[in-house]
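Here are my notes for anyone opening this one for the first time. Have the viewer beside you and take the points in order.

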Amino acid sequence: MLNEMLPGYPGLVADPYPAYADLRAAGAPHLVTMRSGLYGWLVTRYDDARAALADPRLSKDPRHAPADWQEAGRGRPLEDRAGLGTHLLTTDPPEHTRLRRVVSGYFTPRRLARLRPGIESAARALAAGLSPGDDLVGGFASPLQSGVIGDVLGVPADDRTDFRRWTAAVVSSQPGEADARPAALRALGTYVSGLVEAKRRAPGDDVISAMITAAEEGDRLSGDELLSMIFLLLVAGYETTAGLVALGTYTLLRHPEALELLRERPELIEPAVEELLRHDSPVELATWRFALEPVEIGGVVLPAGQPILVAPAAANRDPRRFAEPDRLDLTRSDNAHLSFGHGPHYCLGALLARLVGRAALAEVVRLPGLALAVPAERLRWRASLTVRGPVALPVTFGPA
């Protein structure tokens, strides 16, 4: 969708970075407009982006948007405060603080460390099942993350096939698959509601049980709030982490010297994942923010109510912050990228995404002779405002 906002740049979806370089050089936020009529001020410089992500004067609540913006944006599933729209991406403190506290107890390093062996085992099994010519998104990244989300939510093993099918339909952003989304959303909503009731009766070591326990201990959630939080974890966690694996693999294939270095030095997997996140962020644009009062960004005073889009993908390549920002350097040590955000809305699942990314990419780089099975220009890219990555990534490789 970025191509709608910056029509003067050919090939923008596959490579937005020349456009971002021009916008950073201009300095001030750039007013962009989509075909739907949605508009916003695009923030591309690192210091401006980092400050905006933590600025309490910029609200996440779309009810603070101007009336013409709200009218143009009707139907956005993750930007609406009705129904399933009250969650971490549409609330501000203290409401956001309350909601985050309900789930934060699950996403601790100690608790997530228990998932690591299972994640690594699943990545190993999925990689072993790949054949030359297979799609790394549909055959590896998506099922891996679907399984992780199933573990996090406590979905029973017998329900995983239906759960994965519904999830894939719900998170799809491809126009040709839009017809399947409403039915999948209803089926998933019915299933999740039943799962919540089952967890009330018999809690487990999963995030739904943790939310129910927290609610019973005083951090009350309404029924809609509980379901909204689950859907956010499901959709946001699925898209971004699967995107990290797919886009990270694509980036390594475009930089064979980096791929070979990671094969020779597998101990670099942690800094490598951070560099892949910086170099080509799966979260291209942060979700909308709205000025509660006049706010100065990049030397421009934006009036109250103005919609603001922070671009982590652009900020992560700012030469004012990163040395040789367009160079992929898997040994980069100073790497305070913004791919997981900054401030109160810093991604709650960042540690889990890193665990999955490390496990997945460690297996991918072991595939001998790994290469794209089609020319890069034939890849289709996600039609999404926030998440960047290929729809499918056919790869080929040789025998071990």
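**Notes on the sheet, two residues and a helix pair**

1. Start at the hairpin of S1 and S2: five residues sit between the two strands, and among them you can look for glycine 37, which takes a positive phi near 105 degrees. Keep in mind that this is a predicted model.

2. The two strands of that hairpin are S1, residues 30-33, and S2, residues 39-43; they run antiparallel and are joined by four bridges. If you want one pair to click on, take valine 32, whose bridge partner in S2 is glycine 40.

3. Now step back to the whole sheet. What order do the strands take? Reading across, it goes S1-S2-S7-S4-S3, an open sheet of five strands with mixed pairing. S1 and S3 (58-59) stand at the edges; each has a single partner strand, so one side of each has no neighbour in the sheet. As a general reminder, strands of a sheet pair through backbone hydrogen bonds, and the sense may be parallel or antiparallel.

4. Walk along the sheet from S2 and you'll see where the mix comes from. S2 pairs with S7 in the parallel sense, over three bridges, and here leucine 42 stands opposite leucine 309 of S7. S7 and S4 (residues 289-291), on the other hand, pair in the antiparallel sense over two bridges. Phenylalanine 290 has proline 307 in S7 as its bridge partner. Going on to S3, this strand is joined to S4 by two bridges and the two run antiparallel; leucine 58 has alanine 291 in S4 as its bridge partner.

5. S7 deserves a look of its own. Which way do the side chains of this strand, residues 307-310, point? Pro307 and Leu309 go one way while Ile308 and Val310 go the other, and all of them are buried. Helix H3, residues 46-53, lies across S2, S3, S4 and S7, and runs at about 120 degrees to S7.

6. Next, a residue in a loop: asparagine 316, found between helix H15 (312-315) and helix H16 (350-364). Is asparagine 316 buried or exposed? With a relative accessibility of 0%, asparagine 316 counts as buried, because the cut-off for buried is under 20%. The side chain of asparagine 316 makes a polar contact, at 3.0 Å, with the side chain of serine 339. Leaving aside neighbours within four places in sequence, the residues in contact with asparagine 316 include Leu277, Arg278, Ser281, Phe322 and His337.

7. For contrast, try glutamate 264, which belongs to helix H13 (residues 256-264). Glutamate 264 has a relative accessible area of 56%, so it is exposed, the cut-off being over 50%. Glutamate 264 and valine 365 are 101 residues apart in sequence, yet their C-alpha atoms are 9.9 Å apart in space.

8. Last, a helix pair. H7 (residues 116-128) packs with H16 at an angle of about 35 degrees, and the axes are 9 Å apart. The crossing of H7 with H16 is right-handed. On the H7 side the contact is made by Arg116, Ile119, Glu120, Ala123, Arg124 and Ala127; they meet Leu352, Leu355, Val356, Ala359, Ala360 and Glu363 in H16. By type, the residues of this contact divide into eight nonpolar and four charged, with no polar ones.

Technical notes: Residues are numbered from 1 along each chain as its sequence is written. This is a predicted model: local features need pLDDT of at least 70, side-chain atom pairs count only at pLDDT 80 or more; totals for chains, interfaces and linings use all residues. Side-chain values use heavy atoms; hydrogens and water are left out. Two strands pair if DSSP finds at least two bridges between them. Buried means under 20% relative accessible area, exposed over 50%, partly exposed in between (1.4 Å probe, protein chains only). Contact means heavy atoms within 4.5 Å. Axes are lines fitted to C-alpha atoms, for helices over the stretch in contact, and angles run from 0 to 180 degrees between N-to-C directions. A polar contact is a pair of N or O atoms within 3.5 Å; within protein, one must be able to donate a hydrogen and the other to accept it, and residues adjacent in sequence count only if both atoms are side-chain atoms. A crossing is left-handed if the near helix is turned anticlockwise from the far one by less than a right angle, and right-handed if clockwise. Ala, Val, Leu, Ile, Met, Phe, Trp, Tyr, Cys and Pro count as nonpolar, Asp, Glu, Lys and Arg as charged, and the others, Gly among them, as polar.
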